[in-house]
Amino acid sequence: MSGTSYMEQELQSQPETWQEAARIGAAAGPLPRAGQRVAVVGCGTSWFMAQSYAALREGAGLGVTDPFAASEAFLGSDRGYDAVVAITRSGTTTEVLRVLDAVKGRIPTVTIIGDPETPAVALSDETIALPFADEKSVVQTRFATTALTLLRAHLGQDTSQAVADAQEALTAPVEKEWVDAEQFSFLGTGWTYGLANEAALKMREASQSWTESYPAMEYRHGPIAIAAPGRVTWLFGQAPEGLEADVERTGARFVRHARDPLADLVLVQRVALERARARGLDPDNPRSLTRSVTLEPSTTS
């Protein structure tokens, strides 16, 4: 395909949307306070951002934080959650709406949303709208990373370097070896494991690529068997000792950059876009996907 896609336009705007999100996140707002027990829910990309936020918040000592796919959320009273954070670009995803409805009046909720004119708003106690990061493309880029930037700023992180690194990632070379690679494995540790999951999903959605994702240390426990010449193992964040050498012995390409890991995800988004183009695919309309997944109401009695 040729021309500028929505996906390209939206991923290019991320430094600006991150700056605005950081401003909002740093201000006092409805997000959970230190010490509260929190569940974070989402679907697909939003679930992976929930994983990253949970690892960052709990790792900072700010309270128990559990990420759930919205369809698999365990939110019974015995778990003692003080708040539920929902992440949803569309505000119409069935599983997220069901969670918000199920806990309404029992656990306070705050929803981070792209489109504020949607059903999730009425079901949430509080909302944080990011309409400037909403998207037309089916494949999410800027909404997810902007939501995570908001959450990082709320945790007290200085995100200015991430913004600068994202700007650099938008002009970094996309290597031909990455565009032509047969397979990608994405790895992360701590909060970057969620980024690895998201990177793999972007490749699948946009370019129908064969991708996998794992915690970096788990990769040695079997999955490294897939590494081979013509394949790529891409790590977000710090490399566990010896991992690079282990991968290189397989003949696979090992990739790790010094930039902020969230900014490195921007580069992966660009790689996914270029792989789609190389295969004649439309990343704005990926196979079998829609912008929001909604389920038909049950007709059984």
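This section describes two open sheets of a predicted model, with the helices and selected residues around them.

The model is predicted, so that local features require a pLDDT of at least 70 and side-chain atom pairs count only at pLDDT 80 or more, whereas totals for chains, interfaces and linings use all residues. Residues are numbered from 1 along each chain as its sequence is written, and side-chain values use heavy atoms, with hydrogens and water left out. Helices (H or I, at least four residues) and strands (E, at least two) are DSSP runs, numbered from the N terminus. Two strands pair if DSSP finds at least two bridges between them.

One open sheet consists of five strands in the order β2-β1-β3-β4-β5, with parallel pairing. Its edges are formed by β2 (65-69) and β5 (126-129); each has a single partner strand, so one side of each is left without a neighbour in the sheet. From one strand to the next, the twist averages 20 degrees; axes are lines fitted to C-alpha atoms, for helices over the stretch in contact, and angles run from 0 to 180 degrees between N-to-C directions.

Within this sheet, strand β3 (residues 83-88) is joined to strand β4 (residues 109-113) by five bridges in the parallel sense. Val85 stands opposite Val110 of β4, and Thr88 has Ile113 as its bridge partner in that strand. On pairing with β5, β4 forms four bridges, again parallel, and Thr111 has Thr127 as its bridge partner in β5. The connection from β3 through helix α4 (residues 94-103) to β4 makes a right-handed β-α-β unit; a crossover is right-handed if, with the strands pointing away from the viewer, the path from the first strand over the helix to the second runs clockwise.

In a regular strand the side chains alternate between the two faces of the sheet. Five of the five residues of β4 are buried, where buried means under 20% relative accessible area, exposed over 50%, and partly exposed in between (1.4 Å probe, protein chains only). Thr109, Thr111 and Ile113 lie on one side of the strand and Val110 and Ile112 on the other, and both faces are covered. Helix α3 (residues 45-59) lies across β1 (38-42), β2 and β3, and runs at about 170 degrees to β2. Helix α6 (residues 142-154) also packs on the sheet, where it touches β3, β4 and β5, and its direction makes about 135 degrees with that of β4.

Ala120 belongs to helix α5 (residues 119-123). Its relative accessible area is 1%, and Ala120 is therefore buried. Apart from residues up to four places away in sequence, Ala120 is in contact (heavy atoms within 4.5 Å) with Thr88, Gly91, Leu97, Leu100, Thr111 and Ile113. The C-alpha atoms of Ala120 and Ser90 are separated by 8.7 Å, with the two residues 30 apart along the chain.

A further open sheet contains four strands in the order β7-β6-β8-β9, with parallel pairing. Its edge strands, β7 and β9 (253-256), each pair on one side only. Neighbouring strands are turned by 20 degrees against each other on average, direction ignored. Strands β6 (residues 183-188) and β7 run parallel and are joined by five bridges, with Leu187 opposite Tyr214 in β7. Strand β8 (residues 231-235) pairs with β9 in the parallel sense over four bridges, and Thr233 stands opposite Phe254 of β9. Helix α10 (residues 243-250) packs on the sheet, touching β6, β8 and β9, and its direction makes about 150 degrees with that of β9. Helix α11 (residues 261-278) lies across β6 and β8 and runs at about 155 degrees to β8.

A right-handed β-α-β unit is made by β6, helix α9 (residues 192-207) and β7. Gln208 is situated in the loop between α9 and β7. Most residues other than glycine have a negative phi. Gln208, although not a glycine, has a positive phi of about 55 degrees; with a relative accessible area of 38%, Gln208 is partly exposed.

Thr211 is placed in strand β7 (residues 211-215) and counts as buried because its relative accessibility is 5%. Beyond its neighbours within four places in sequence, Thr211 is in contact with Phe184, Phe186, Ala200, Met203 and Arg204. A polar atom of the Thr211 side chain lies 2.9 Å from the backbone oxygen of Ala200.

Methods: Polar contact = N/O pair within 3.5 Å; in protein donor to acceptor, adjacent residues only side chain to side chain.
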